[in-house]
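Please walk through the structure below, moving from a pair of charged side chains to other salt bridges and then to the interior.

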Amino acid sequence: MTLMVDQPVAGTRFRAFGPRQIDDIARRYGLDPDLRAGIALLAHVLPFRVNEYVLNELIDWSRPEEDPMFRLVFPQRGMLPERDERALEALVRSGAPSSGIRAEVARIRAGLNPHPSGQREYNVPVHDGEKVPGLQHKYRETVLYFPTQGQSCHSFCTYCFRWAQFVGDPSLRFAAPNPDRLGRYLRDHPVVSDVLVTGGDPMVMSTERLRGHLEPLLGIPSVNTLRIGTKSLAYWPQRFVSDADSEALLRLFEQVAAAGKQVAVMAHFTHPRELRSTVVTEALRRIRSTGAVVYCQAPMVAHVNDDADTWAQMWKAELAAGAVPYYMFVERDTGPYDYFKVPLARAVEIFHTAYRTLPGLARTVRGPVMSTTPGKVVVDGVENHSGGRSFHLRMAQARNPALVGRPFRAHYDTTAAWLSDLRLAEDVPQDIREALRP
Ligand SMILES: *Cc1c(COP(=O)(O)O)cnc(C)c1O
C-alpha cells in the first residue's frame, strides 16, 4: 500500500531541455552573455540535457558560475583543454560550415579518452557461442544489464564517465532490447545473485517497460537482488511521486519484494543540495515503503564536491532519509577529466575528514574507490614509516575473487589521481602486481 500525498508535489510533466534551449534558459535566468556563449560552445562537444526541476530546485542562480549544481549540468569554459576550446571557438566565430565544425568536434572528442577502461567491450559474456548484447559480467556475483530503452538520463552530468554514449557513440547499439538472453544467461550461471540494471538511467523508462525487463527475473531462484542504478532521485524525484505511472512503479517494487527478491536502488547523489527538496524526501519515503533499500554513491569531483564538509553533510542527509551511504568513487580518466580530477592524496584526506564526523551507521561508506580494469581499488589511507610515505590500497572487488580484500601499498604521490599514476611498493605480491599491470 502506498500513500498519496495531499498536494501533488511539483506535479509537472517531465520535459527535457537541450542545446537548442540554451538561449531560452539564458534569458529566463538572466545569464551573463559570456557565460551563455561558453555553454553554447562547450555543448558542441559535451552532452547537455537539463529539466525544469534541476533548473528551478537545484541551481542557485544568484552566482551560477560558482554554483556546484550549475557546474554539474552546464558544460562551460575550462572543461576542455584550452587549445581545443580556442580552436573550436575560432571555427564557430568564423562561420565555418557545419561539416567543418562536426569534424573539429569529432577530433576533440576522440582526444577525451571516450572509452575508459574498455567498459563496454570487456566483460561482455559469451553464451551459447555468441556475445550477449547489453550484458557485462565482471565480478562473479553481479551482472550489469543495459536495457536499450534506459540509455538516457533526466539530465546529464558534465563529469559523466559514459558521456560518449550520449553524443551518439555507436556502442549504444549493444544494449539489450529485452531480457530474454539475460534470463537464459542467469539460469545457466546460478553464481550470479545480483543484477545491476544500469544505463544511462533505467528510471527514464516507463513503468511498463521496466516491468518488462524485471518481471522475467523474478522466477529465477538464484537471483536475489535487483539493483537499479539511477540519478533520478537527484534529477527527477517526481518519478516516484507524481509521474503518471509513479504508483505503478512503487507497486512493481512491491511485486519484486513479494517474489522474495530485494530491490536495491543505487542512488547517485553528488551534492547535499540534491537531498533538500520536499519531493526527494517524499520519493525516498515512498521507495522505502515498498521494502526497497536505497544505497548512495557518487564520484568526488573538483569544483563540485571536493571538500569534507560537503561529503559529511551529504552522508548525514542520506542517513537521515533512511538511505545507506555506499561508495565514494574517484573520477575516471575521460571527458573533462582535467577539470574534474582530484588527486588521490587529497581525496583520501577529504574522505577521512568527513568520515570522522559520521555516526557509525553512516560509516558503511567506502572510498575513495577507483573502478579500474582489474577491479575496484580502495585508497584506505596514507602511512608514514621509516622508508617514507605510502598509500594503503585494497581490492574491494576483483575480477579474480582470490584478490578481494587484499591490501597492498604504493608510493605516496601528491599529484597521482588514478591507479596508473601510482608506483607500486616493491613488496606488492606477484599476483596483485600482475592483475594491476596495464
Ligand atoms: C562496482 C561494480 C559492480 C558492483 O560491485 P559491488 O562492490 O558489489 O557494489 C559490478 N560490476 C561492475 C562492472 C562494477 O564496476
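Is Arg-86 buried or exposed? The model is a predicted one, and in it Arg-86 is exposed, with a relative accessible area of 52%. The cut-off for this class is over 50%. The side chain of Arg-86 meets that of Glu-82 in a salt bridge, with N and O 2.7 Å apart. Glu-82 counts as exposed too, at 55% relative accessibility. Both residues belong to helix H5, which covers residues 82-93. They are four residues apart, about one turn of the helix.

A similar arrangement can be followed in helix H1. There Arg-27 forms a salt bridge with Asp-24, and the closest N and O atoms are 2.8 Å apart. The two residues are separated by three positions within helix H1, about one turn of the helix. Arg-27 is exposed, at 62% relative accessible area, while Asp-24 is partly exposed, at 43%.

Next comes a pair that joins two helices. Asp-23 forms a salt bridge with Arg-36, the closest N and O atoms being 3.0 Å apart. Asp-23 lies in helix H1 (residues 22-29) and Arg-36 in helix H2 (residues 33-42), so this salt bridge ties together parts that are 13 residues apart in sequence. Both partners are partly exposed: Asp-23 has a relative accessible area of 39%, and Arg-36 has one of 28%. In total, the structure holds 28 salt bridges. Some residues are linked in a network of such bridges, namely Asp-34, Arg-77, Glu-89 and Arg-93.

Arg-332 presents another case. This residue sits in the loop between strand S11 (324-330) and helix H13 (337-340). Arg-332 is buried, yet it has no salt bridge. The nearest side chain of opposite charge belongs to Glu-331, 8.0 Å away, whereas a salt bridge requires the nitrogen and oxygen to be within 4 Å. A polar atom of the Arg-332 side chain does lie 3.2 Å from the backbone oxygen of Ser-371.

The interior remains. In soluble globular proteins, nonpolar side chains tend to be buried together. Here the largest nonpolar core has 108 residues, and Phe-74 and Leu-233 are those with the most contacts inside it. Beyond its neighbours within four places in sequence, Phe-74 is in contact with Ile-25, Ile-39, Phe-48, Leu-55, Ile-59, Trp-61, Met-79 and Thr-158. Apart from this core lies another, of 25 residues, including Tyr-337, Leu-344, Leu-424 and Val-428.

Note on methods:
Residues numbered from 1 in each chain as written. Predicted model: local features only at pLDDT ≥ 70, side-chain atom pairs only at ≥ 80, totals over all residues. Heavy atoms only, no water. Core = buried A, V, L, I, M, F, W, Y, C linked by side-chain atoms within 4.5 Å. Buried < 20%, exposed > 50% of the residue type's maximum accessible area, 1.4 Å probe, protein only. Contact = heavy atoms within 4.5 Å. Lys, Arg positive; Asp, Glu negative; His and termini not counted. Polar contact = N/O pair within 3.5 Å; in protein donor to acceptor, adjacent residues only side chain to side chain.
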